[in-house]
Amino acid sequence: MSARLEDLQRSFARHLRAEGCSDRTVVIYGQAIAFFSRWLQAQGREASLDELTRAAIREWLAELADDHEASTVKTRYRGLFRFCGWLVDEEEIPVNPMRTLSPPQPKMKPVPILTDVDLNALLKACAGKQFRNRSDEAIIRLLLDCGLRVSELCGLTVEGIDLDNGMAMVRGKGGKLRPVYFGARTARAVDRYLRARSGHRWAHLDALMLTQRGALSPDGVRDRMNVLAARAGLDHLHPHQFRHTFAHDFLMNGGQERDLKRLAGWSSDVMLERYGASAADARAKAAAQRMKRGDRV
């Protein structure tokens, strides 16, 4: 009997950590292997190297596409492809079974932006003077005003915040540092939070945002968004909606795409198109109404 995929998954995870991959990357890649293994077992097949074939992987991806978003299928594809490449490098298999399998192409689906009504409801849900209230408001305003990724929010440090100049230094993807900027109300919210933070049990940590267990994590942000969404009467709230809303507001108010690219920390123009898709029709309508070309003749 050939090696079990579950056992090889553990070795693969150790390899990823040795390569400096984040814990989240290790988990996501591991999920692809685990889900493929479960699919094999559900069909009465052994979750082993013998069943790691092009035909089996193609069938699994096809079934995934029937019930999941295309972006999810693509994530599973990437995880399993990386695993197969590692197996070849480690000489566990002679050829990558996915070498001729093209990745699925996800259809671009605009993310709904947050309206002023939504945002006001969320900020009301933060009302209060306790540490949690101060933290919640600071999180929402930083996400909205700066267009931060969740990982970037959690990576903010106390030293990297400059309230007087309304800016913060953010470490983005690839460890690249960039400045982001915020307005007076966000500065006030962060100032109030910092005063509450000074008496916190974890106040000695470098991380700006704290919880009762230590530094705030991306999962912790998502949990808080769920709590605040429920209080605000919103059906669903994902932290990334703030980033899409930031991009929409920037473009809606006449901001230049190149400036947005720099502020958001994007290295590719593809991301401009993806984030610009949110409420693009609304911006086009507003631009046309501002021009009023027909009224000039």
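The exercises below deal with three strands and two helices of a predicted model.

Residues are numbered from 1 along each chain as its sequence is written. In this predicted model local features need pLDDT of at least 70, side-chain atom pairs count only at pLDDT 80 or more, totals for chains, interfaces and linings use all residues, and side-chain values use heavy atoms, with hydrogens and water left out.

**Exercise 1.** Determine which side chains of strand β2 are buried.

*Solution.* Strands are DSSP runs of E with at least two residues, and helices are runs of H or I with at least four, numbered from the N terminus. In a regular strand the side chains alternate between the two faces of the sheet. Along β2 (residues 167–171), A168 and V170 point to one face and are buried, where buried means under 20% relative accessible area with a 1.4 Å probe, protein chains only. M167, M169 and R171 point to the other face and are not buried.

**Exercise 2.** Find the strands that pair with β2, given that pairing requires at least two DSSP bridges.

*Solution.* Strand β1 (residues 161–162) is joined to β2 by 2 bridges and runs antiparallel to it, with I161 opposite A168. Strand β3 (residues 177–181) is joined to β2 by 5 bridges, again antiparallel, and here R171 stands opposite L177.

**Exercise 3.** Describe how helices α6 and α8 pack.

*Solution.* Helix α6 (residues 131–146) and helix α8 (residues 184–197) pack at about 145°, their axes 8 Å apart; axes are lines fitted to C-alpha atoms over the stretch in contact, and angles run from 0 to 180 degrees between N-to-C directions. The contact (heavy atoms within 4.5 Å) includes F131 and L142 of α6 and V190 and Y193 of α8.

Key: Buried means under 20% relative accessible area, exposed over 50%, partly exposed in between (1.4 Å probe, protein chains only). Two strands pair if DSSP finds at least two bridges between them.
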